[in-house]
Amino acid sequence: MQLQSLSSHTINSPQISKTLTPSVSKSDPTLLLPDPLLLKILAELPDSQSKPNSLVCKRWLNLQGRLVRSLKLLDWHFLESGRLVFRFPNLTHVDLVSGCLVSPRNSGILLSHRVVSVHIGSTFSKTWKVCEDSLLPAEVIDMGLNVLASGCPNLRKLAVIGASEVGLLNVAEECSTLQELELHKCGDDALRSIAACTNLQVLKLVGNVDGFFSSMLSDIGLTILARGCKRLVTLELHGCEGSFDGIKAIGQCCLMLEELTICDHRMDSGWLAGLSYCENLKTLKFQSCKGIDPSPGPDEYLGCCPALQRLHLQKCQLRDKNSLRALFMLCGAVREMVFQDCWGLDNDMFIFASTCRRVEFLSLDGCSLLTTEGLASVILSWKELRRLRVVSCKNIKDSEISPSLSTLFSVFKELKWRPDTKSLLPSSLVGTGMGKKGGKFFKRM
């Protein structure tokens with residue numbers, strides 16, 4: 001229609017000038033909306049529209065940045081220059097671990113671990129600690145933490161590697177709402193500043209990761225942590241050293257602690273008895289541990305965790321009878337027991353679980369040494385067992401199920417029975433008529 005008007009009017013016509021210069025409200029009606037109202041509209045749009053919306057104009061780019069709450073930093077200069085806090089002022093969850101590591105550009109080699117991943121070059125580290133070779137200096141990391149803390153005071157979750165006491169203290173003072181903290185390569189000195197985090201509830205400490213980095217995290221740091229963070233609810237210790245004294249201090253001071261995860265620990269002998277001081281502990285997890293406790297000590301000193309409800313063991317070596325027996329004695333009140341890909345869990349080791357009389361749920365996944373007889377000898381003594389899960393346990397056979405075990409299965413509220421691939425096929429084809437001889441489908445003419 002505008003082309004038709006051009007052909008029928010002269011260039012100097014006032015009607016043409018009106019058509020070519022429309023009002024601001026007609027070209028962009030959103031300019032009439034205040035920022036708070038437009039923010040509410042953008043917040044209601046799906047996440048898939050966030051990137052296209054930020055490309056509309058500079059105003060929408062800035063408003064879209066205010067809606068971002070979680071971010072994983074890859075370029076440290078983006079934080080150091082101040083552009084991160086200017087672009088995303090309302091961040092609450094920030095992961096700085098990858099940004100603290102200087103990786104070679106265009107590297108196609110990714111060295112990955114459960115807790116950290118890093119791109120490396122073709123020349124491998126001579127010290128066999130790749131993260132320490134590519135880690136930024138502690139002073140640089142502290143400066144970045146200062147910029148982040150001053151620009152994002154509403155921070156609630158932070159993950160960082162190689163930070164010192166100075167940088168963490170700035171975060172604790174500026175970010176009073178910080179609730180979750182994940183520290184990699186942290187020593188005893190760095191934990192002094194955590195005491196200033198008055199609202200800290202979830203803490204993950206990664207002291208040592210083989211092939212990546214190492215740091216000293218001993219009873220001194222655990223005691224400092226216990227006295228400063230008394231409101232902890234969840235604590236994860238990865239590759240940490242320590243002994244009975246450090247675990248005891250955590251149990252005595254952190255009265256609100258409900259979940260404790262021990263991963264690949266380097267604890268001294270006798271540390272297991274310290275768990276009895278965690279009177280309100282409800283969940284205890286062991287992950288990738290080469291052993292539980294080589295010398296747990298006499299039974300009378302072990303004690304128990306009266307409030308414990310869940311015991312999880314994942315990818316642990318359960319080859320020591322004394323340590324596993326002591327663990328089950330300590331967890332006598334547990335109601336949920338999970339074993340996943342644990343080495344050494346045979347009939348002689350699993351029989352110690354019969355001391356836990358109140359188990360209601362049992363999960364066995366990847367326990368290839370345990371047999372049907374060993375399973376039956378334990379679960380038949382558990383009078384409160386109502387849920388059972390058996391997956392990928394090749395020595396547990398369907399043909400070896402006794403009548404008493406079959407009767408027990410009939411009263412379960414939940415039963416997942418897939419000990420091997422042969423059991424998987426019939427259970428998935430029940431009622432279909434398949435899995436039998438082919439005479440039903442291929443009749444003779």
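This is a guided tour of one predicted model, going from the whole chain to its core, its aromatic pairs, two loop residues, and then a pocket and a cavity.

**The whole chain**

Begin with the protein chain in a cartoon view coloured by secondary structure, where 18 helices and 17 strands can be picked out. Of its 445 residues, 42% count as buried. If you turn on contacts between residues at least 6 apart in sequence, 66% of them join residues that are at least 24 apart.

**The largest nonpolar core**

Next select Leu96, Phe286, Phe339 and Leu362, which, among the 117 residues of the largest nonpolar core, touch the most other members. Adding helix H14, residues 321–330, brings in the element that gives the most to this core, with five residues. Apart from this core lies another, of five residues, and a selection of Leu39, Leu42, Trp60 and Leu63 will show you some of its members.

Now centre the view on Leu362 and display its surroundings, leaving aside the neighbours within four places in sequence. Leu362 is then in contact with Met337, Phe339, Phe350, Leu375, Ile379, Trp382, Leu385, Leu388 and two arginines, Arg387 and Arg389.

**Aromatic pairs**

Show the aromatic side chains next; the count of aromatic pairs comes to six. Select Phe244 and Tyr277, an edge-to-face pair whose ring centres are 6.0 Å apart and whose planes stand at 70 degrees. This pair links distant parts of the chain, since Phe244 belongs to helix H13 (residues 244–253) while Tyr277 sits in the loop between strand S11 (266–267) and strand S12 (283–287), 33 residues apart. Are these two rings buried or exposed? Neither word fits, because Phe244 has a relative accessible area of 24% and is partly exposed, and Tyr277, at 31% relative accessibility, also counts as partly exposed.

Move then to Phe328 and Phe339, which form another edge-to-face pair, with 6.3 Å from centre to centre and 70 degrees between the planes. Here too distant parts of the chain are linked, with Phe328 in helix H14 and Phe339 in strand S14 (residues 336–340), 11 residues apart. Phe328 is buried, with a relative accessible area of 0%, and Phe339 counts as buried at 0% relative accessibility. Extend the selection to Phe350, and you have the aromatic cluster that is formed by Phe328, Phe339 and Phe350.

**Two buried residues in loops**

Select Ser354, which is placed in the loop between helix H15 (347–350) and strand S15 (361–365). Although it is in a loop, Ser354 is buried, with a relative accessible area of 16%, because the limit for that class is under 20%. Not counting residues up to four places away in sequence, Ser354 touches Val378, Ser381 and Trp382. A distance label drawn from its C-alpha atom to that of Gly332, 22 residues away along the chain, will read 9.3 Å.

Continue to Leu272, in the loop between S11 and S12. At 0% relative accessibility, Leu272 counts as buried. With residues up to four places away in sequence again left out, Leu272 touches Phe286, Ile292, Asp293, Ser323, Ala326, Leu327 and Leu330. The C-alpha atoms of Leu272 and Pro296 are separated by 6.2 Å, although these residues are 24 apart along the chain.

**The second largest pocket**

Switch to a surface view and go to the second largest pocket, which holds about 310 Å³ of space. To centre it, select Asp47, Ser50, Lys51, Gln64 and Val68, which are the closest to its centre of the 16 residues in its lining. Helix H4 (35–44), helix H5 (50–54) and helix H6 (58–67) are the elements that give two or more residues to this lining, and H5 gives the most, with four. Colouring the lining of this pocket by class will show seven nonpolar, six polar and three charged residues.

**The cavity**

For the last stop, look for enclosed space: the structure holds one cavity of 30 Å³ or more. The largest cavity has a volume of about 40 Å³, and its lining consists of Leu168, Val171, Ala172, Leu178, Leu181, Ser193, Ile194 and Cys197. Which element gives the largest share of this lining? Helix H11, residues 165–174, gives the largest share, three residues. By class, the lining of the largest cavity has seven nonpolar residues, one polar and no charged.

Terms used
Residues are numbered from 1 along each chain as its sequence is written. This is a predicted model: local features need pLDDT of at least 70, side-chain atom pairs count only at pLDDT 80 or more; totals for chains, interfaces and linings use all residues. Side-chain values use heavy atoms; hydrogens and water are left out. A nonpolar core is a set of buried Ala, Val, Leu, Ile, Met, Phe, Trp, Tyr and Cys residues joined through side-chain atoms within 4.5 Å. Buried means under 20% relative accessible area, exposed over 50%, partly exposed in between (1.4 Å probe, protein chains only). Contact means heavy atoms within 4.5 Å. On a 1 Å grid over the protein atoms alone, a cavity is a set of points where a 1.4 Å probe fits but cannot get out, and a pocket is an open set with protein on both sides within 12 Å along at least five of seven lines; lining residues have an atom within 4 Å of a point. Grid points are joined across faces, edges and corners, and a volume is the space filled by probe spheres set on the points. Ala, Val, Leu, Ile, Met, Phe, Trp, Tyr, Cys and Pro count as nonpolar, Asp, Glu, Lys and Arg as charged, and the others, Gly among them, as polar. Rings of Phe, Tyr and Trp (its six-membered ring) pair if their centres lie within 6.5 Å; planes under 30 degrees apart count as stacked, over 60 as edge-to-face and the rest as tilted.
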